Amino acid sequence: MIISVTNKQRRHALLAALLFIVLAVLIGTNATWPANMDEAVRSFMSSIQTSYGDVIMSIATFLGSPAMSLFYGILLAIVLLLADLKLPALWVFLTVVGGIVVTQIIKVLVHRDRPLGHLLTDSGASFPSQHVTAMWLTVFIMFLLVTPNISSTLVRLLTKWFLITLSLMTMLSRLYFSAHFLTDTIGAFLLAYVWVIFCAFLYPAVATFLKKKFWLFKDQEA
């Protein structure tokens, strides 16, 4: 199978899911510990804002936005289609879109208010961060599909570090502009990993079903 997960990745995903649930419960019940930590981080980030920082963080926010992450996903799907890999292309698109939708559903269910001082453009519930989830979805998909196939060790490492840096900058930008609390970004990171591994776990069974039932995928490599 082109897309598969190891037992280690499954265990990590299970742990991430448990941590996410605990975090969501703590936030949903207004527990003191995460609230105090979040407020301390929010206060610190507000105190270090500068005009130069505003520009850098605005760029990071744009590059890590859900719209851009969807664009990255579509771009990767197109590349896969050009390589005649229809099943992985479909998987990439559905994983990104599904992750964004699931994040929005959880935001509505938890219904956490945004931090004080957030920009007017940042509306809706706060937990988990849609920007951060979407960006990490892209990164984890790249880690599964792209970076393992880069033959050069140096290029592979540089690609990974670039993707991680971009994701961390997205997380930092959401804190910088008081768009989210720290736990919103941590929860988004956990959710993205769980979702990508879950979708990769389902891929073999779904790909086999599509190959058997639909002529479009009949001769496709799964």
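Buried means under 20% relative accessible area, exposed over 50%, and partly exposed in between, with a 1.4 Å probe and protein chains only. The model is predicted, so local features need pLDDT of at least 70 and side-chain atom pairs count only at pLDDT 80 or more, while totals for chains, interfaces and linings use all residues. Residues are numbered from 1 along each chain as its sequence is written, and side-chain values use heavy atoms, leaving out hydrogens and water.

**Stop 1: helix α2**

Select Arg42 and Glu39. Their side chains form a salt bridge of 2.7 Å, N to O; the term stands for a side-chain nitrogen of Lys or Arg within 4 Å of a carboxyl oxygen of Asp or Glu. Arg42 counts as buried because its relative accessibility is 16%. Glu39, at 35% relative accessibility, counts as partly exposed. The two residues are three apart in helix α2, so about one helical turn separates them. Helices here are DSSP runs (H or I, at least four residues), and strands are E runs of at least two, numbered from the N terminus.

**Stop 2: Arg112 and its partners**

Side chains of opposite charge can pair when their charged atoms come close. Select Arg112 with Asp38: a salt bridge joins their side chains (2.7 Å, N to O). Arg112 sits in the loop between α5 and α6 and Asp38 in helix α2 (residues 32–47), so this pair ties together parts 74 residues apart in sequence. Now add Asp184, whose side chain meets that of Arg112 in a salt bridge of 2.8 Å, N to O. Asp184 belongs to helix α8, so its pairing with the loop residue Arg112 ties together parts that are 72 residues apart in sequence. Asp38, Arg112 and Asp184 are thus linked in a network of salt bridges. Arg112 and Asp38 are both buried, and Asp184 is buried too. By the rule used, the count of salt bridges comes to four.

**Stop 3: Gln130**

Go to Gln130 in helix α6. Gln130 counts as buried, because its relative accessibility is 10%. Its side chain makes a polar contact of 3.3 Å with the side chain of Gln104. A polar contact is a pair of N or O atoms within 3.5 Å; within protein, one must be able to donate a hydrogen and the other to accept it, and residues adjacent in sequence count only if both atoms are side-chain atoms. Leaving out residues up to four places away in sequence, Gln130 touches Pro66, Ile100, Thr103, Gln104, Lys107 and His180, where contact means heavy atoms within 4.5 Å.

**Stop 4: the core around Trp91**

Select Trp91 and Ile141, the residues with the most contacts inside the largest nonpolar core, which has 49 residues. Such a core is a set of buried Ala, Val, Leu, Ile, Met, Phe, Trp, Tyr and Cys residues joined through side-chain atoms within 4.5 Å. At least two of its residues come from each of α1 (7–28), α4, α5, α6 (130–145), α7 (153–176) and α8 (182–213). Helix α8 supplies the largest share, 14 residues. Beyond its neighbours within four places in sequence, the contacts of Trp91 include Ile3, Leu144, Val196 and Tyr203.

**Stop 5: Leu82**

Finish with Leu82 in helix α4. Leu82 is exposed, because its relative accessible area is 73%.
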